[in-house]
Amino acid sequence: HTLTNDLRVELNNDKNVDIVGYSVENKLLSSPVLLIKGSDPKKSLEKAIDAIRARNEQLKKLFEKNLK
C-alpha cells in the first residue's frame, strides 16, 4: 500500500486529475489497481512518479548528510 498510497496523494495534488483511487484485492497475493481520471492520466502519473523520485532523492541526501 505504501507506494500506491504515495502515488494517490501526489496525484490528488495534480489539478488535471479529477478522481484517483486504488484497490488491492488481497494484500499478500495481488497487485494494486490504480484508477486515474483526468485530462491526461498517463502524463499525470509520470509527473507524480517524478515528484516522488525527487522527494526520495532529497531524503536520501539528507539521510546521508546526517549519517556522517
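The protein has two helices and two strands, and along the sequence these follow the pattern α-β-β-α. Please keep in mind as you browse that this is a predicted model. Below, we start with the whole chain and then visit helix H1 and four individual residues.

**Overall shape and surface**

- The radius of gyration of the protein is 14 Å, whereas a compact globule of 68 residues would have one near 11 Å.
- The C-alpha trace spans about 45 × 30 × 15 Å along its principal axes.
- Buried residues make up 18% of the 68 residues in the protein.
- The accessible surface amounts to about 5,700 Å², and carbon and sulfur atoms hold 54% of that.
- If electrostatics is your thing, the protein carries 13 positive and 10 negative charges, and the mean positions of the two sets lie 4 Å apart.
- Among contacts with a separation of 6 or more, 39% join residues that are 24 or more positions apart.

**Helix H1 and its buried side**

- Helix H1 runs over residues 2–12, and its buried residues are Thr4, Leu7, Glu10 and Leu11.
- These four residues are on the same side of H1, because they cover an arc of only 125 degrees around the axis.
- A general rule fits in here: an α-helix has 3.6 residues a turn, so residues three or four places apart point the same way.
- What do the buried residues of H1 pack against? Their partners are strand E1 (17–23), strand E2 (33–38) and helix H2.

**Leu34, in strand E2**

- Leu34 is part of strand E2, and it counts as partly exposed because its relative accessibility is 28%.
- Leaving out residues up to four places away in sequence, Leu34 touches Thr4, Leu7, Leu11, Val20, Gly21, Tyr22 and Leu45.
- Thr4, Leu7 and Leu11, which are among those partners of Leu34, also belong to the buried residues of H1.
- Tyr22 is twelve residues from Leu34 in sequence, and their C-alpha atoms are 4.3 Å apart in space.

**Ser44, in helix H2**

- Ser44 sits in helix H2, which covers residues 41–67.
- Is Ser44 buried or exposed? Ser44 counts as buried, because its relative accessibility is 5% and the cut-off for buried is under 20%.
- Apart from residues up to four places away in sequence, Ser44 touches Leu11, Asp14, Asn16 and Val17.
- One of these partners of Ser44, Leu11, is itself a buried residue of H1.

**Two loop residues: Asn16 and Ser31**

- Asn16 is found in the loop between H1 and E1, and with a relative accessibility of 36% it counts as partly exposed.
- Setting aside neighbours within four places in sequence, Asn16 is in contact with Gly38, Ser39 and Ser44.
- Asn16 and Ser39 are 23 residues apart along the chain, and 5.7 Å separates their C-alpha atoms.
- Ser31 belongs to the loop between E1 and E2, and this residue counts as exposed at 58% relative accessibility.
- How far apart in space are Ser31 and Asp18, C-alpha to C-alpha? The distance between Ser31 and Asp18 is 23 Å, with their positions 13 residues apart in sequence counted as the separation.

Note on methods. Residues are numbered from 1 along each chain as its sequence is written. This is a predicted model: local features need pLDDT of at least 70, side-chain atom pairs count only at pLDDT 80 or more; totals for chains, interfaces and linings use all residues. Side-chain values use heavy atoms; hydrogens and water are left out. Buried means under 20% relative accessible area, exposed over 50%, partly exposed in between (1.4 Å probe, protein chains only). Contact means heavy atoms within 4.5 Å. The arc is that of the directions from the helix axis to the C-beta atoms. The radius of gyration is taken over C-alpha atoms; the globule rule is 2.2 Å times the number of residues to the power 0.38. Accessible areas come from the Shrake-Rupley method with a 1.4 Å probe; for residues, only the protein chains shown count as cover. Lys and Arg count as positive and Asp and Glu as negative; His and the chain ends are not counted. The place of a charge is taken as NZ of Lys, CZ of Arg, CG of Asp or CD of Glu.
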